[in-house]
Structures are given as structure tokens and as C-alpha cells.
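Biologist: Before we discuss any assignment, I would like to have the model in view, and then to ask how each label is justified.

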Amino acid sequence: MAHTCAICGAEINAFQSQKLIDGNYICRKNCQSKGMKGYFDFMHSRIDEVNAHIAQVEMGTKIFNDLFLPRFKAKKKARPVEFGSVCVIEDLGLIALAPVKYKFIVFGKHYPQACVYRLGDLLSYTEEKIDKLPDGTDAPKDKKYVHFAFKETAGLGDFYTPIAQPKKLADYFNRLYGIQKTLGNIGNTWKNQINATKAMVAGVKAAKNGDEDAEEKAAEAINSLDVAIYGDRTELNRRAAIALEPYQNL
Ligand SMILES: [Zn+2]
């Protein structure tokens with residue numbers, strides 16, 4: 001039976017179609033290939049989520065080509081930190097998912113697609129066992145997968161990717177966010193927890209007394225709790241805002 005692609009309107013047969021969870025069909029050749037098939041779960045997504053992801057990849061690839069690519073040839077200190085298909089540039093406050101393709105004709109690496117995220121939005125980077133890949137095929141048993149999850153992100157907001165050394169990756173991000181729980185760094189974690197407790201007490205008191213600023217105090221408490229759990233992201237968010245500013249109105 002023929003279908004119509006919900007994005008480009010092309011007439012497609014069953015082999016050329018990807019069915020979405022909302023009953024829409026999209027064409028594999030033009031529209032699905034604009035997304036990251038190895039990471040984005042098309043089968044369980046709605047058309048608005050697919051559109052958000054395609055827009056995300058289009059913008060992400062542009063940002064990656066502008067800001068990340070030139071850095072691979074920079075001095076060692078300025079180069080992206082790479083973990084498998086994920087790379088980080090701390091001074092830009094950005095992290096990218098950019099799977100490498102090796103092209104026969106091209107000598108060296110090639111990154112056809114990328115999603116770029118703010119480092120400040122990364123909430124999870126832990127190792128998890130998975131059975132299936134997003135396209136429904138079995139996950140290779142010999143690989144370790146890390147689950148990346150970003151807050152308030154349209155499109156591909158979380159994904160699993162193979163990482164050779166998940167422990168090393170977790171140590172890296174814990175250090176970056178100042179939440180490493182080693183003896184040497186415990187002062188910082190403690191300070192954040194004490195601040196969180198103080199803010200919570202203030203928030204509860206304000207609510208009890210019917211203070212006008214109760215809401216503000218409660219927001220402060222939530223913020224401090226976030227800092228205790230996720231580290232202080234203020235500086236990373238500032239850097240990302242500067243780096244992404246030219247792309248805001250595109
Ligand atoms: Zn299409």
C-alpha cells in the first residue's frame with residue numbers, strides 16, 4: 001500500500017516508509033536520513049518530535065562544522081575532548097554527538113551529522129546495559145554503553161552511545177561539574193550541600209510565615225539543591241550562551 005511522507009509529501013511504498021507511533025509515515029530516503037537513525041527512535045516518536053530532531057541535526061551540524069571541526073587541528077589544549085562519538089569543548093561550554101564516518105575517498109575522519117548541546121544541560125552520563133539499539137536491532141554484547149540525558153531538549157534529548165572507558169568518562173564530567181566525591185574534592189561538595197540545606201530552611205520558613213517572597217525562596221532552594229547534585233553550571237552556561245548567540249535567530 002502506498003503512503004504519503006508526512007514531511008515532504010512524496011508517494012512511498014512500504015519498503016520506503018518509516019511508520020511513526022502517531023500513525024504518520026515518513027520517507028526513509030530523504031526525510032528519515034536527515035535524522036540520526038542510530039540514535040533517534042523514529043518508531044516510537046511523533047511527527048512533531050521527528051521534525052524537532054531533524055531541525056536539531058541541521059542546526060547541530062552547522063554549529064559542529066563552525067565551532068568543533070577547526071578545533072581538531074588546533075593546539076593540543078584547545079582540541080575537543082573525545083569519548084567515542086561524543087566530544088566536548090569546555091571553553092565553549094558545548095558538547096556534541098557526532099558519529100565519525102570513514103569515507104573511502106576522503107583521507108581521515110568525516111562527521112556528516114551532529115547534535116550540539118549545552119554542557120550545562122547534561123544531567124546523566126552513567127553506564128547502562130541495553131539490549132536493543134533504537135532501530136530495534138540487538139546491541140552488541142561486547143560494548144559498554146553510556147546513557148547521556150539532557151534537560152529541556154527538543155528532539156534527541158537522550159541517547160546511548162558506546163564508550164570504551166565509562167569510568168574515565170564519569171570521572172571527567174564529575175571533575176568538570178565540581179561534583180567529584182573524592183577525598184581531595186569533598187570540600188566543594190559539602191559547601192554546596194550546606195548551601196542547599198540553608199536555602200531549603202529559608203524557603204520553608206518563608207512559606208510558613210506567608211512571606212511575600214516565599215516563591216522566590218523556594219526557587220532558590222531548588223536551585224541550590226541542583227547545585228548540590230549536579231554541580232555549579234553557571235560558568236558553563238555563560239560560555240555556551242556566548243558560543244550559541246550567533247545561531248539564536250537562524
Ligand atoms: Zn519525505
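Biologist: Which residue of strand 13 does A149 stand opposite?

Modeller: A149 stands opposite D158 in strand 13. Before going further, I should say that this is a predicted model, in which local features need pLDDT of at least 70 and side-chain atom pairs count only at pLDDT 80 or more, while totals for chains, interfaces and linings use all residues. Residues are numbered from 1 along each chain as its sequence is written.

Biologist: What makes strand 12 and strand 13 a pair?

Modeller: Strands are DSSP runs of E with at least two residues, helices are runs of H or I with at least four, and both are numbered from the N terminus. Two strands pair if DSSP finds at least two bridges between them. Strand 12 (residues 145-150) and strand 13 are joined by five bridges and run antiparallel, so the criterion of at least two bridges is met. Within this pairing, V146 has T161 as its bridge partner in strand 13.

Biologist: How many bridges support the pairing of strand 11 with strand 12?

Modeller: Six bridges support it, again in the antiparallel sense, and E127 stands opposite V146 of strand 12.

Biologist: Why are strand 11 and strand 13 said to stand at the edges?

Modeller: The open sheet has three strands in the order 11-12-13, with antiparallel pairing. Strand 11 (122-128) and strand 13 (158-162) each have a single partner strand, so one side of each is left without a neighbour in the sheet. Neighbouring strands of this sheet are turned by 20° against each other on average, direction ignored.

Biologist: Why is Y111 called partly exposed?

Modeller: A residue is buried if 20 or more other C-beta atoms, placed from the backbone, lie within 10 Å of its own, exposed if 12 or fewer do, and partly exposed in between. Y111 has 18 other C-beta atoms within 10 Å, and is therefore partly exposed. Y111 sits in the loop between strand 9 (109-110) and strand 10, and its C-alpha atom is separated by 6.1 Å from that of A98, which is 13 residues apart along the chain.

Biologist: What makes E152 exposed?

Modeller: E152 has 8 C-beta neighbours inside 10 Å, and so it counts as exposed. E152 lies in the loop between strand 12 and strand 13, and its phi is near 45°, a positive value in a residue other than glycine.

Biologist: Which residues does V116 contact, leaving aside its neighbours within four places in sequence?

Modeller: Contact requires that the C-beta atoms of two residues, placed from the backbone, lie within 7 Å. With those neighbours left aside, V116 is in contact with G60, I63, F64, L94 and A96. Among the buried residues of helix 1 are G60, I63 and F64, and the cover over the buried residues of this helix includes strand 7 (94-97) and strand 10 (115-118).

Biologist: How do you know that the span of helix 1 is close to what is expected?

Modeller: The expected span is 1.5 Å times one less than the number of residues in the helix. Helix 1 has 22 residues and reaches 30 Å from its first C-alpha to its last, which is close to the 32 Å expected.

How values were computed
Axes fitted to C-alpha atoms, helices over the stretch in contact; angles between N-to-C directions.
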